[in-house]
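I opened this entry to log what I looked up in one protein chain. Fold order, overall dimensions and the nonpolar core were on my list.

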Amino acid sequence: MTSKMACLRVFRGSDRAGGCYQDYQVAFEDGDSVLDGLTRIRADEDPSLAVRFSCFNANVCKECSMLIDGKVEYACVAKLTEGITQVDPLPKVPLLRDLVTDTLAKKERL
Ligand code: FES
């Protein structure tokens, strides 16, 4: 089976105003998730990319929440597609780095 190619345009940085986007080309097969693509990027190309997940494709932990083409989605549920997909950290919560946000309740933050 021939792999298809996706381009993940990923927000990088720890400051929303000062961050930038980095494009990564990812080979995929039908059914692969955006999280599959992001973890492949980390493993094969750029280990500095920060992304959080726990259950990995079980859709249980909800830690992979992020903006995918402007919509809040779970990266382990959203499927890779051909062409450009923009991936951003969750809005309205503190950004830690890249796609990782502080998801603790406000009263639990130090
Ligand atoms: S990795 Fe657990 S819900 Fe996505």
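My notes on each topic follow.

I worked from a predicted model, where local features need pLDDT of at least 70, side-chain atom pairs count only at pLDDT 80 or more, and totals for chains, interfaces and linings use all residues. Residues are numbered from 1 along each chain as its sequence is written, and side-chain values use heavy atoms, with hydrogens and water left out.

**Fold.** I found one helix and seven strands in the protein chain, taking helices (H or I, at least four residues) and strands (E, at least two) as DSSP runs numbered from the N terminus. From the N terminus the order reads β-β-α-β-β-β-β-β. The radius of gyration (over C-alpha atoms) is 14 Å. The globule rule (2.2 Å times the number of residues to the power 0.38) gives 13 Å for 110 residues, so the chain is as compact as a globular protein of that length. I also noted that the C-alpha trace spans about 50 × 30 × 25 Å along its principal axes.

**Burial and core.** I looked up burial (under 20% relative accessible area, 1.4 Å probe, protein chains only) and got 38% of the 110 residues. The largest nonpolar core (buried Ala, Val, Leu, Ile, Met, Phe, Trp, Tyr and Cys joined through side-chain atoms within 4.5 Å) has 21 residues, and Leu 8, Val 10, Val 34, Leu 38 and Met 66 touch the most other members. At least two core residues come from each of β1 (4-12), β2 (20-28), α1 (34-44) and β3 (65-68). α1 supplies the largest share, four residues.

**Val 34.** Leaving out residues up to four places away in sequence, I listed its contacts (heavy atoms within 4.5 Å) as Leu 8, Ile 68, Ala 75, Ala 78, Lys 79, Leu 80 and Val 87.

Notes
Buried < 20%, exposed > 50% of the residue type's maximum accessible area, 1.4 Å probe, protein only.
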